[in-house]
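Trainee: Please take a close look at one part of this structure with me. Start from one residue, and then work outwards.

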Amino acid sequence: MKNLQLLLLTLLIPFLGFTQNSWINIQYMSDNYPTEITWEILDGYGSIVIESDSNYILNSLLDTTLALNASTYTFNLYDIYGDGLGASQWNGTDGWFLIQNSCQDTIMYVAGDFGFSYIDT
């Protein structure tokens, strides 16, 4: 009986690791035109988990950590002008967006000119 319990436990441990909740760290450095950028993270049902707000200022850093349930998430990043997080062609600093955690390190990173939208799952 103990051998059977040990065998079942040994088989279940790998699967338990895939369903654990986790967290992500979101870092966003705005470019010279932060009012052009909107972003959101959606859960597997299409519900918004977190989204941008309109209070970003030129070349400012958002750094936040968010607890998440085990699931698949979609990251959407939009730029209404169409130059992504690219700086002004005359001067300025490109923006960037980074999502990471300690388990997977870098989950997503995008910088510079990506056009009108960038989507990652």
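Mentor: Start with what Gln-27 touches. Contact means heavy atoms within 4.5 Å. Leave out residues up to four places away in sequence, and Gln-27 touches Leu-61, Leu-62, Asp-63, Trp-96, Phe-97, Leu-98 and Gln-100. Keep in mind that this is a predicted model: local features need pLDDT of at least 70, side-chain atom pairs count only at pLDDT 80 or more, and totals for chains, interfaces and linings use all residues. Residues are numbered from 1 along each chain as its sequence is written, and side-chain values use heavy atoms, with hydrogens and water left out.

Gln-27 belongs to strand β1. Strands here are DSSP runs of E with at least two residues, helices are runs of H or I with at least four, and both are numbered from the N terminus. Is Gln-27 buried or exposed? Gln-27 counts as buried, because its relative accessibility is 16%. The cut-offs are simple: buried is under 20% relative accessible area, exposed is over 50%, and partly exposed lies in between (1.4 Å probe, protein chains only). Gln-27 also has a polar partner. Its side chain makes a polar contact of 3.2 Å with the side chain of Asn-25. Such a contact is a pair of N or O atoms within 3.5 Å; within protein, one must be able to donate a hydrogen and the other to accept it, and residues adjacent in sequence count only if both atoms are side-chain atoms.

Now leave strand β1 and look at the loop between β1 and β2. Asp-31 sits there. Asp-31 is counted as buried because its relative accessibility is 0%. Its side chain reaches the backbone nitrogen of Tyr-33, at 2.9 Å. Again skip the neighbours within four places in sequence. Asp-31 then contacts Leu-58 and Asn-59, and also Gly-84, Leu-85, Gly-86, Thr-93, Asp-94 and Gly-95.

Thr-35 is in the loop between β1 and β2 as well. Thr-35 is exposed, because its relative accessible area is 67%. So the loop holds a buried residue, Asp-31, and an exposed one, Thr-35. Measure along the chain, and Thr-35 and Tyr-81 are 46 residues apart. In space, their C-alpha atoms are 10.0 Å apart.

Next comes the loop between β2 (37–42) and β3 (48–51), where Asp-43 is placed. A polar atom of the Asp-43 side chain lies 2.9 Å from the backbone nitrogen of Tyr-45. What does Asp-43 touch, not counting residues up to four places away in sequence? Val-49, Thr-72 and Tyr-73. Take Thr-72: Asp-43 is 29 residues from Thr-72 in sequence, yet 6.4 Å from it in space, C-alpha to C-alpha.

Strand β5 holds Thr-74. Thr-74 counts as partly exposed, because its relative accessibility is 22%. Thr-74 and Gly-44 are 30 residues apart in sequence. From C-alpha to C-alpha they are 7.6 Å apart in space. Beyond the residues up to four places away, Thr-74 touches Glu-40, Ile-41 and Leu-42, plus Ile-119, Asp-120 and Thr-121.

One backbone detail deserves a stop. Asp-105 lies in strand β7. Its phi is near 65°, a positive value in a residue other than glycine. Most residues other than glycine have a negative phi.

Now step back to the whole chain. There is one helix, and there are eight strands. From the N terminus, the order is α-β-β-β-β-β-β-β-β. The protein chain has 121 residues, and 36% of them are buried. Consider contacts between residues at least 6 apart in sequence: 71% of these join residues at least 24 apart.

Finish with confidence. The score is pLDDT, the predictor's confidence in each residue, from 0 to 100. The chain averages 84, and 82% of the residues score at least 70. Which element has the lowest mean pLDDT? Helix α1 (residues 2–18) has the lowest, at 50. Strand β5 (residues 74–79) has the highest, at 96. Thr-74, which you met above, is in that strand.
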